[in-house]
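Biologist: I am new to this structure and would like to learn how to read it. Could you walk me through it, one feature at a time?

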Amino acid sequence: MDKRKEIQKVKDWCKKIKKERNRIYIIERNPFKEEISWLRNKVFVEIDRPTEIANKHSVVYDSTTDSLWEYINGSWRKIT
């Protein structure tokens, strides 16, 4: 699968969970571990959790910018 489609799939899932739960931020086990290779080592998907307090072994979805972030080499970077 194309990486852009995989990114969109994760974003769509995050939007769905956010709408269902209706909370400020959400932490979920990564359901894409087996399916998407570049998410294999990410333990959690954190939705709208500030990167300052997010787990460095997570992927973070920011709904205000509709973007995914991961911690690489000492800083948070946008996944593109």
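Biologist: Let me start with a single side chain: is Lys-9 buried, partly exposed or exposed?

Modeller: Happy to help, and please keep in mind that this is a predicted model. Buried means under 20% relative accessible area and exposed means over 50%, with partly exposed in between. Lys-9 has a relative accessibility of 31%, so this residue counts as partly exposed.

Biologist: Thanks! Which residue does Lys-9 form a salt bridge with?

Modeller: The general idea comes before the case. Side chains of opposite charge can pair when their charged atoms come close. Here the partner of Lys-9 is Glu-35, and the closest N and O atoms are 1.9 Å apart. Lys-9 belongs to helix α1 while Glu-35 sits in the loop between β1 and β2, so the bridge ties together parts that are 26 residues apart in sequence. Glu-35 is partly exposed too, at 44% relative accessibility.

Biologist: How many salt bridges does a search of the whole structure find?

Modeller: The search gives 8 of them. One of the others joins Asp-48 and Lys-18, with 2.7 Å from N to O. Asp-48 is in the loop between β2 and β3 (58–62) and Lys-18 is in helix α1, so this pair links parts 30 residues apart in sequence. At 18% relative accessibility Asp-48 counts as buried, whereas Lys-18 is partly exposed at 26%. There is also a salt bridge between Glu-28 and Arg-21, at 2.3 Å from N to O. Arg-21 is partly exposed, with a relative accessible area of 34%.

Biologist: Now for the rings. How many aromatic pairs are there in the whole structure?

Modeller: A search finds 2. In the first one I will show you, Trp-13 and Phe-32 have ring centres 5.5 Å apart and planes at 85 degrees, so we call the pair edge-to-face. The label follows because planes over 60 degrees apart count as edge-to-face. Trp-13 is part of helix α1 and Phe-32 of the loop between β1 and β2 (44–47), so the two rings tie together parts 19 residues apart in sequence.

Biologist: Are Trp-13 and Phe-32 buried or exposed?

Modeller: Trp-13 counts as buried at 17% relative accessibility, and Phe-32 is buried at 4%. The other pair I can point to is Tyr-71 with Trp-76, which is edge-to-face, with 5.4 Å between the centres and 70 degrees between the planes. Tyr-71 is partly exposed at 26%, while Trp-76 counts as buried at 18%.

Biologist: Which charged residue lies over the face of Tyr-71?

Modeller: That is Lys-56, at 5.1 Å from the ring centre. You can look for a similar arrangement at Trp-38, where Lys-3 lies over the face of the ring, 4.9 Å from its centre.

Biologist: What about the surface? Which residues form a nonpolar patch there?

Modeller: Look at Ile-24, Tyr-25, Ile-27 and Ile-53, which together offer about 410 Å² of accessible area. Ile-24 is found in the loop between α1 (3–21) and β1 (26–29). With a relative accessible area of 72%, Ile-24 is exposed.

Biologist: Let me step back to the whole chain. How many helices and strands does the protein chain have?

Modeller: Its secondary structure comes to 1 helix and 5 strands. Going along the sequence, the pattern reads α-β-β-β-β-β.

Biologist: And what radius of gyration does the protein chain have?

Modeller: The value is 12 Å, and a compact globule of 80 residues would have a radius of gyration near 12 Å, so the two agree. The C-alpha trace spans about 30 × 30 × 20 Å along its principal axes. Of the 80 residues, 36% are buried.

Biologist: One last residue, please: where is Pro-31 found?

Modeller: Pro-31 is in the loop between β1 and β2, and this residue is partly exposed, with a relative accessible area of 43%. As a distance exercise, try Pro-31 and Arg-4: they are 27 residues apart in sequence and 18 Å apart in space, C-alpha to C-alpha.

Notes. Residues numbered from 1 in each chain as written. Heavy atoms only, no water. Patch = residues over 30% accessible without salt bridge, like charges linked within 9 Å, V, L, I, M, F, W, Y side chains within 5 Å. Areas by Shrake-Rupley, 256 points an atom, 1.4 Å probe, with all protein chains shown as cover. Salt bridge = Lys/Arg side-chain N within 4 Å of Asp/Glu carboxyl O. Helix = DSSP H or I, 4+ residues; strand = E, 2+ residues; numbered from the N terminus. Buried < 20%, exposed > 50% of the residue type's maximum accessible area, 1.4 Å probe, protein only. Phe/Tyr/Trp six-rings, centres within 6.5 Å; stacked < 30°, edge-to-face > 60°. Lys NZ or Arg CZ within 6 Å of the ring centre and 35° of its normal. Rg over C-alpha atoms; globule rule 2.2 N^0.38 Å.
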